[in-house]
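Colleague: I am new to this structure and would like a close look at one part. Please take me through the empty space inside, and then whatever surrounds it.

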Amino acid sequence: MIRRLFILSLLSIFFIGCKAKRTVASRSESPKQKKEVVVVKKESKKSDDGLYPMPEDTGKFVRFNIDSPEEYVETFAEIAQMEMKAFGIPASITLAQGLLESGLGKGALALKTNNHFGIKCHTGWEGDYDFHDDDEKGECFRKYNHPMYSYRDHSLFLKHRSRYAFLFDYRSDDYKRWAKGLRQAGYATDRHYPQKLISLIERYELHKYDTEIAKQGFHRPKTEEPVIASRAQSRVHVVQKGDTLYSISRAYSVSVDDLKRWNYMYDNNLAIGQKLTVKTQNFNK
């Protein structure tokens, strides 16, 4: 739950203020506490994007030691639902990917980077990073000081890359089509990836989190009139080489802050081919 994540973040700040800074724990240590706080390279502070309160980036790495898949789901289910409300990605898919890619929350990559979705650096990534053996030895992976930032980056990663665009034509509670579509779009090379996601979703009944949000009326299919009407009012800019948020804002006579708010961005990173909402009648009357 989000409240739990905030409490743990506040405790970490108090703990650091009272004791000497710790060094990173070795793999041989037996974790007795629910989290450890270690000092890492300080990232730039991320602003509140209006979707839900993000924990302040204090520059401290907040590590969550998860004891079971059930505890992982309990910890991150509410965040996955909030991401579903904001972006239309099924909460069940987000949780299943988190479980699978993070090794049930206990994998080496997740423990040292808070990267719960195996997202690599890719061109244009300016945040923190670390190296990890994956398809090749010593590949670059994104690193976050708090797991919530990994969840938000996962949503942005899918939403702003054209190869995943067709997924958002699916119902946001159709986890089976989403699971198969992720493999089709190239998210993973494992041909059994869809079956693994579906198995996790059904084993831990993750689809119930989709149903809860769908009943609230979030993210109806594109064929329904309200969504079509909304999209007809929007203009989209496809990011080209050399584009920056500032140059795009000047071209469309909008502010950088508005661009970030309309596109649910918490930093200034752009990717070539990324689609940005640049004008909507709802915001620019």
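How do the residues of the lining of the largest cavity divide into nonpolar, polar and charged?

Modeller: A caution before the answer: this is a predicted model. Now the division. The lining of the largest cavity holds six nonpolar residues, five polar ones and four charged ones. In total, 15 residues line this cavity. Nearest its centre lie Arg142, Asp153, Arg161, Asn269 and Gln274. The space inside comes to about 200 Å³.

Where does this lining come from? Helix α5, residues 147–159, gives the largest share, with three residues. Two domains take part. Domain 1 covers 69–216 and domain 2 covers 232–281, and each supplies at least three residues of the lining.

A word on how such space is found. Rolling a probe the size of a water molecule over the atoms shows where empty space is left. Across the whole structure, the search finds two cavities of 30 Å³ or more.

Stay with Arg142 for a moment. It is one of the residues nearest the centre of the largest cavity. It is also the bridge partner of Tyr129, and it sits in β4. That leads to a hairpin. Strand β3 spans residues 129–132, and strand β4 spans residues 139–142. The two run antiparallel, joined by four bridges. His132 stands opposite Glu139 of β4. Six residues lie between the strands of this hairpin. In this hairpin, Gly138 has a positive phi, near 65°.

Next, the second largest cavity. Its space is about 40 Å³. Its lining consists of Phe64, Ile66, Gly105, Ala110, Leu111, Asn114 and His116. By class, four of these are nonpolar and three are polar, with no charged residues. The lining of the largest cavity, by contrast, includes four charged residues.

Two of those lining residues lead to others worth finding on the model. Take Leu111 to begin with. Its C-alpha lies 9.6 Å from that of Val62, though the two are 49 residues apart in sequence. Val62 belongs to strand β2, residues 60–64. Val62 counts as buried because its relative accessible area is 4%, under the 20% cut-off.

Then take Asn114, another residue of that lining. Look along the sequence to Thr113, which is placed in helix α4. Thr113 is buried, with a relative accessible area of 0%. The Thr113 side chain reaches the backbone nitrogen of Asn115 at 3.1 Å.

Helix α4 also brings us to an open space, the second largest pocket. Helices α3 (91–101), α4 (108–113) and α7 (193–203) each give at least two residues to its lining. This pocket holds about 600 Å³ of space. The lining has 26 residues, and those nearest the centre are Glu101, Gly118, Asp134, Tyr187 and Ala188. By class, eleven are nonpolar, eight polar and seven charged.

Now follow the chain beyond α7. Glu205 is placed in the loop between α7 and α8, the latter spanning 207–214. Its phi is positive, about 55°, although Glu205 is not a glycine. Glu205 is partly exposed, with a relative accessible area of 46%.

Past α8 comes another loop, which runs to α9 (225–232) and contains Gly217. Gly217 is partly exposed too, at a relative accessible area of 29%. Its C-alpha is separated from that of Lys85 by 9.4 Å, and the two residues are 132 apart along the chain.

One more loop completes the tour. Ser253 is placed between α10 (245–252) and α11 (256–262). It is a residue other than glycine with a positive phi, near 55°. Ser253 counts as exposed because its relative accessibility is 65%, over the 50% cut-off.

To return to your starting point, go back to the largest cavity. Keep its central residues in view: Arg142, Asp153, Arg161, Asn269 and Gln274. Then trace Arg142 to its partner Tyr129, and the hairpin of β3 and β4 comes into view with its four bridges.

Technical notes
Residues are numbered from 1 along each chain as its sequence is written. This is a predicted model: local features need pLDDT of at least 70, side-chain atom pairs count only at pLDDT 80 or more; totals for chains, interfaces and linings use all residues. Side-chain values use heavy atoms; hydrogens and water are left out. Two strands pair if DSSP finds at least two bridges between them. On a 1 Å grid over the protein atoms alone, a cavity is a set of points where a 1.4 Å probe fits but cannot get out, and a pocket is an open set with protein on both sides within 12 Å along at least five of seven lines; lining residues have an atom within 4 Å of a point. Grid points are joined across faces, edges and corners, and a volume is the space filled by probe spheres set on the points. Ala, Val, Leu, Ile, Met, Phe, Trp, Tyr, Cys and Pro count as nonpolar, Asp, Glu, Lys and Arg as charged, and the others, Gly among them, as polar. Domain bounds come from an automatic or database domain assignment. Buried means under 20% relative accessible area, exposed over 50%, partly exposed in between (1.4 Å probe, protein chains only). A polar contact is a pair of N or O atoms within 3.5 Å; within protein, one must be able to donate a hydrogen and the other to accept it, and residues adjacent in sequence count only if both atoms are side-chain atoms.
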